Amino acid sequence: MTFHILISDPLSEEGIYPLRQANGVNIVIETTLTPEQLEDRIDGFDALLVRSQTQVTRELIEKASNLKIIGRAGVGVDNIDLEAATEHGIIVVNAPDGNTNSAAEHTMAMMMSMARKIPQAFHALRNQQWDRKSYVGVELKNKTLGVVGFGRIGQEVAARAKGQRMNIIAYDPFLTAEKAEKLGVDFGSVEDVLKVADFVTVHTPLLKDTKHLINKEAFEIMKDGVQIINCARGGIIDENALFDAVKSGKVAGAALDVFEQEPMVDFRLLDLPEIIATPHLGASTFEAQESVAVDVSMDVVSYFTTGTVRNS
Ligand code: NAD
Ligand code: MLT
């Protein structure tokens with residue numbers, strides 16, 4: 001029997017080595033299909049491997065009469081209709097920790113670049129302007145970093161920020177006083193965090209109750225001159241409210257890796273000189289891409305050979 005696997009987003013070639021090694025596996029890599037072409041192509045495949053680009057919609061799942069397992073090479077499964085997958089008995093696996101380090105490092109890189117206005121200064125220099133007055137930054141030392149969402153990445157960011165001698169205050173519904181003490185951070189409600197933080201970084205999934213968690217009202221309770229980082233999911237921050245908060249001077253800087261719509265179509269936020277951005281690069285390191293692809297490939301091989309997976 002042959003197990004047919006479709007890979008519809010670019011995955012690390014080293015990462016799919018476990019699939020290449022397995023017997024009885026047919027791997028098809030097609031990473032430029034439109035949603036309509038994918039719907040026409042999917043029937044007959046037993047497994048579908050994606051990153052965040054492919055939208056695994058109910059319509060797609062309904063066309064996939066043989067599909068048994070969907071592997072998401074990354075953390076967020078918000079591009080997969082989990083309800084439809086469950087209804088059709090399809091297992092969804094992700095790679096929960098393969099890109100944690102990369103995303104935490106990217107968050108720190110964004111915070112430090114924002115605090116010292118490095119992208120803006122580089123842009124000016126490239127335009128042959130030797131301007132030392134416009135790019136005076138702020139130090140991180142002794143500032144308070146508010147971490148909203150204290151899971152894998154939030155905790156890694158906090159550990160690194162402590163190395164920068166920042167004070168950390170975190171909010172997570174699962175964070176207890178004992179755990180916060182053990183990790184050497186303060187903790188409070190989301191309002192407590194937003195009120196005292198000089199920098200706010202969000203690390204929650206995008207869920208009904210985290211959509212626009214950082215909205216007009218949230219900006220109002222923050223300190224004047226606060227700086228914001230989002231390397232988690234577009235939509236956790238209300239982009240219209242962010243635009244207004246930056247325009248009014250309430251927010252002194254924002255560093256964004258993720259957007260409400262991706263690929264980005266509305267570039268209005270980037271007209272504001274206080275905002276720096278990257279195109280969803282948090283997990284884009286060779287190490288992370290190999291690691292997440294290995295994790296989901298091993299799950300698919302395990303499902304194919306034993307009928308079970310690690311994290312279904
Ligand atoms: P995780 O599951 O380990 O942590 C998420 C945490 O958010 C959990 O501790 C959870 O309790 C908490 N949470 C849930 N609802 C909350 C709420 N209402 N308020 C506060 N906290 C809440 O996930 P992770 O691996 O740390 O990933 C965090 C986010 O980063 C996810 O959205 C993930 O998709 C994203 N991510 C982005 C990139 C990127 O390329 N930019 C890379 C990796 C992960
Ligand atoms: C994730 O959720 O893992 C990230 O968004 C990284 C990716 O693009 O896969």
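Strand β6, helix α7 (residues 152-163) and strand β7 make a right-handed β-α-β unit. That unit is a good place to enter this structure, which is a predicted model.

Start with β6, which spans residues 144-148. Four of its five residues are buried, so the strand is mostly covered. On one side, β6 pairs with β7 (residues 167-171) in the parallel sense, over five bridges. To find the register, look at Thr 144: Asn 167 of β7 stands opposite. β6 also runs parallel to strand β9 (residues 199-202), and four bridges join the two. Here the register can be read from Leu 145, whose bridge partner in β9 is Phe 199.

Now widen the view to the sheet. Strands of a sheet pair through backbone hydrogen bonds, either parallel or antiparallel. In this open sheet of seven strands, the pairing is parallel. The order is β8-β7-β6-β9-β10-β11-β12. Follow that order and β6 sits between β7 and β9. Which strands stand at the edges? They are β8 (186-187) and β12 (275-277). Each has a single partner strand, so one side of each is left without a neighbour in the sheet.

Move along to the β12 end. Strand β10 (residues 226-230) runs parallel to strand β11 (residues 251-256), with five bridges joining them. Gln 227 stands opposite Gly 253 in β11. Between these strands comes helix α11 (residues 239-247), and β10, α11 and β11 make a right-handed β-α-β unit. This has the handedness given above for β6, α7 and β7, which is also right-handed. β11 is mostly covered, with five of its six residues buried. β11 then pairs with β12, again in the parallel sense, over three bridges. Ala 254 marks the register there, standing opposite Ile 275 in β12.

One residue of this region deserves a closer look. Ile 237 lies in the loop between β10 and α11. Is Ile 237 buried or exposed? A residue needs 20 or more other C-beta atoms within 10 Å to count as buried. Ile 237 has 28, so it is buried. Leaving out residues up to four places away in sequence, Ile 237 touches Val 202, Ile 214, Ile 228, Asn 230 and Leu 242. Lys 211 is 26 residues away along the chain, yet its C-alpha atom is separated from that of Ile 237 by 7.3 Å.

Asp 40 gives the opposite case. This residue is found in helix α2 (residues 35-41). The cut-off for an exposed residue is 12 or fewer other C-beta atoms within 10 Å. Asp 40 has 10, so it is exposed. Compare its position with that of Ile 276: the two are 236 residues apart in sequence, and their C-alpha atoms are 39 Å apart in space.

Next come the ligands. Ligand 1 is surrounded by 31 residues. The closest are Gly 76, Gly 149, Gly 151, Ile 153 and Gly 282. Two elements, α5 (100-115) and α7, give two or more residues to this shell. Which of the elements gives the most? It is α7, with three residues. So the helix of the opening β-α-β unit is also part of the shell around ligand 1. By class, that shell divides into 15 nonpolar, eleven polar and five charged residues.

Ligand 2 has its own surroundings: Arg 51, Ser 52, Gly 74, Val 75, Gly 76, Asn 99, His 280, Gly 282 and Ala 283. Of these, two are nonpolar, six polar and one charged. Gly 76 and Gly 282 appear around ligand 2, and both are also among the closest residues to ligand 1.

Finally, step back to the whole protein chain. It has twelve helices and twelve strands. Its radius of gyration is 21 Å, close to the 20 Å that the globule rule gives for 312 residues, so the chain is as compact as a globular protein of that length. Along the principal axes, the C-alpha atoms fill a box of roughly 65 × 50 × 30 Å. Of the 312 residues, 43% count as buried. Contacts tell how the chain comes together: among those between residues at least 6 apart in sequence, 60% join residues at least 24 apart.

Technical notes. Residues are numbered from 1 along each chain as its sequence is written. Chains are lettered from A and ligands numbered from 1 in the order in which they are written. This is a predicted model: local features need pLDDT of at least 70, side-chain atom pairs count only at pLDDT 80 or more; totals for chains, interfaces and linings use all residues. Two strands pair if DSSP finds at least two bridges between them. A crossover is right-handed if, with the strands pointing away from the viewer, the path from the first strand over the helix to the second runs clockwise. A residue is near a molecule or strand if its C-beta atom, placed from the backbone, lies within 6 Å of it. Ala, Val, Leu, Ile, Met, Phe, Trp, Tyr, Cys and Pro count as nonpolar, Asp, Glu, Lys and Arg as charged, and the others, Gly among them, as polar. The radius of gyration is taken over C-alpha atoms; the globule rule is 2.2 Å times the number of residues to the power 0.38. Two residues are in contact if their C-beta atoms, placed from the backbone, lie within 7 Å.
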